[in-house]
Amino acid sequence: MDITQYTFYEQAILFIAALVVFTSFLMLAQRSLFGLIYVFAWQGLMVSMTTALSAYVTQFHHLYVSALITLVLKAILIPLMLHRLIIRLDIHREVETVLYPAYTMTAAAALVMFSYYVVLPIEQLSSLATRNTIAVSLAVVLLGMLLMISRRQAVTHVVGFMSIENGLFFAAVASTQGMPMVVELGIAFDVLVAAVLFGVFFFHIRSSIDSLDVDQLNRLSEVER
Amino acid sequence: MDWILAFLETVLFASLAPLLAGWIKWVKCRLQNRKAPSLVQPYRELAKLFRKQPVVADSASWLFEFAPYVVFASAVLSAAIVPFVAAHMPTSAIADIIVLVGFFALGRFFLALAGMDVGTAFGGMGSSREMTIASLAEPAMLMAVFTLAMSASTTNLSTAIDYVLNSGLVLRPSFIFALAGLLLVAVAETGRIPVDNPATHLELTMIHEAMILEYSGRHLAFIEWASQIRLMLYGVLIANIFLPWGIAHDFSPQEMGYGFLAIMAKLLVLGIILPVCETLFAKMRLFRVPEFLGFAYLLSLLGMLSHIILEVGN
């Protein structure tokens with residue numbers, strides 16, 4: 001089906017889905033930690049908006065609840081917690097070096113194409129208007145992984161992990177109109193608990209290796225050589 | 001008859017280009033709390049330059065005197081291709097958007113050669129910078145153009161405009177990404193802030209000005225005029241492709257009148273947006289420009305990808 005045949009709300013879903021991928025790209029290019037967290041908050045907001053829009057289009061009212069949970073958790077609570085953590089860890093002036101930005105971006109674009117080809121047969125099975133966005137959600141998952149691979153800062157890894165979760169949630173909404181409420185609530189609290197645990201973990205990492213650069217975890221011995 | 005109209009339209013395009021430059025300068029001055037020069041100041045400056053005797057360096061070859069004419073001719077020819085007041089002019093039927101990109105490249109090529117011709121340090125420096133920027137901006141522009149061409153299944157500008165008009169108001173992610181990419185390319189290619197500052201002759205930062213430093217008299221006038229036409233070309237291209245509403249479809253005086261008013265209104269708005277952005281941003285370091293253009297390319301690429309992934313049914 002061509003985009004001209006969709007209703008305006010369905011076009012809006014597709015448009016915001018494209019913006020979600022765009023925020024993933026922005027995260028890959030972002031150097032400052034605060035910038036990364038703001039972009040992550042925007043991504044959460046957009047995922048929540050697409051959920052609310054597909055609730056409106058398909059008239060599945062339980063999706064409104066999912067949208068609300070996503071909005072509160074991913075767009076407000078977790079970014080706020082990470083923001084406070086960065087200030088308390090006193091790393092808000094740190095600028096992370098992005099290794100090989102051009103290669104990372106090329107790899108990211110290649111991942112988007114790859115996820116499109118992978119998802120192509122799955123899309124045939126679905127009859128929803130949002131089925132085209134399944135490729136987008138897989139791309140968000142893969143780009144989150146790329147973010148975790150290409151960076152060294154522990155906070156960035158957490159943001160990458162949360163962004164993967166965004167992608168999975170988006171996939172659930174796009175392909176099956178959301179998960180059962182119990183599963184969804186469970187995942188939401190899991191993510192929240194994970195965010196809290198990561199916060200505690202940051203302090204542990206820092207007190208043991210005196211930095212949040214995970215490359216320093218490669219060394220096994222405690223004696224400097 | 002159609003050809004006469006197309007000719008008149010091109011003449012109108014070329015003669016209005018300095019006015020747009022004057023308008024942008026006026027808005028920018030007002031935004032920065034300065035007293036603005038009159039709107040016709042660019043015309044006066046062009047007239048002054050045309051009256052003056054051109055001075056050519058001893059070491060200059062024939063290329064140096066030849067280049068301004070090529071630059072100006074390529075700008076005017078591109079102005080003939082782009083639908084300005086009306087779509088389906090005979091000139092827009094014989095050349096498509098890839099030819100347009102080619103004309104841009106032709107003008108730039110000769111300008112870069114002329115910059116190196118005299119052998120001064122500044123000219124060579126400007127040419128090398130211009131070519132660096134051009135080689136990064138061109139793929140981004142082509143990618144944005146291909147996104148449009150894939151949606152409309154044509155590279156002809158008039159047909160593409162028809163397609164956009166016929167499908168009505170559709171929220172296309174690909175068009176919005178392509179528009180954003182094209183805007184960034186336009187900023188880089190026309191040498192505006194944050195890529196280049198058209199109002200300064202500071203040695204370390206200038207790009208376009210460094211290449212034309214040796215020019216004077218009517219040669220300089222032709223180059224200045226060509227760059228004003230090019231600025232307007234990007235404005236018209238962006239306004240008429242992405243927001244084609246109001247463009248004339250037949251050549252009746254009434255339609256043409258409406259079409260003219262519509263494009264003038266669009267350019268008026270663009271001529272406010274550009275100075276506002278220029279006032280908000282500072283000029284970036286030269287070594288940041290590849291990142292800026294890489295971002296433009298990324299936007300255009302995302303436009304293409306979102307067209308394939310989201311917009312086409314399978």
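These are my notebook entries on chain B, the pockets and the nonpolar core of this structure.

**Entry 1: chain B as a whole**

I began by reminding myself that this is a predicted model, and then I looked up the make-up of chain B. I counted 12 helices and 0 strands in chain B, and reading from the N terminus I found the order of its elements to be α-α-α-α-α-α-α-α-α-α-α-α. I then looked up the radius of gyration of chain B, which is 19 Å and close to the 20 Å that the globule rule gives for 314 residues, so chain B is as compact as a globular protein of that length. Along the principal axes, I noted that the C-alpha atoms of chain B fill a box of roughly 60 × 45 × 45 Å. I also noted that 54% of the 314 residues of chain B count as buried. Among the contacts in chain B with a separation of 6 or more, I found that 81% join residues 24 or more positions apart.

**Entry 2: the largest pocket**

I turned next to the largest pocket, which holds about 1100 Å³ of space. It is lined by 50 residues, and those I found closest to its centre are B:R192, B:P198, B:E209, B:E224 and B:S227. Helix α10 of chain B, residues 217-242, gives the largest share of this lining, with 9 residues. Sorting the lining by class, I recorded 27 nonpolar, 11 polar and 12 charged residues.

**Entry 3: the second largest pocket**

For the second largest pocket I wrote down a volume of about 900 Å³. Its lining has 25 residues, and nearest its centre lie A:M105, B:P290, B:E291, B:G294 and B:F295. I saw that α1 (8-29) and α4 (101-125) of chain A, together with α6 (121-152) and α12 (289-311) of chain B, are the elements that each give two or more residues to this lining. The most comes from α12(B), with 9 residues. By class, I sorted this lining into 18 nonpolar, 4 polar and 3 charged residues.

**Entry 4: the nonpolar core**

In soluble globular proteins, nonpolar side chains tend to be buried together, and with this in mind I looked up the largest nonpolar core. I found 159 residues in this core, of which A:F25, B:F84, B:M141, B:I229 and B:M232 touch the most other members. The largest share of the core, 16 residues, comes from α10(B), the helix that also gives the largest share of the lining of the largest pocket. Which residues does A:F25 touch, not counting those up to four places away in sequence? I listed A:M105, A:A108, A:A109, A:V112 and A:L143 from chain A, and B:L298 and B:L302 from chain B.

Conventions
Residues are numbered from 1 along each chain as its sequence is written. Chains are lettered from A and ligands numbered from 1 in the order in which they are written. This is a predicted model: local features need pLDDT of at least 70, side-chain atom pairs count only at pLDDT 80 or more; totals for chains, interfaces and linings use all residues. Side-chain values use heavy atoms; hydrogens and water are left out. On a 1 Å grid over the protein atoms alone, a cavity is a set of points where a 1.4 Å probe fits but cannot get out, and a pocket is an open set with protein on both sides within 12 Å along at least five of seven lines; lining residues have an atom within 4 Å of a point. Grid points are joined across faces, edges and corners, and a volume is the space filled by probe spheres set on the points. Helices (H or I, at least four residues) and strands (E, at least two) are DSSP runs, numbered from the N terminus. Ala, Val, Leu, Ile, Met, Phe, Trp, Tyr, Cys and Pro count as nonpolar, Asp, Glu, Lys and Arg as charged, and the others, Gly among them, as polar. A nonpolar core is a set of buried Ala, Val, Leu, Ile, Met, Phe, Trp, Tyr and Cys residues joined through side-chain atoms within 4.5 Å. Buried means under 20% relative accessible area, exposed over 50%, partly exposed in between (1.4 Å probe, protein chains only). Contact means heavy atoms within 4.5 Å. The radius of gyration is taken over C-alpha atoms; the globule rule is 2.2 Å times the number of residues to the power 0.38.
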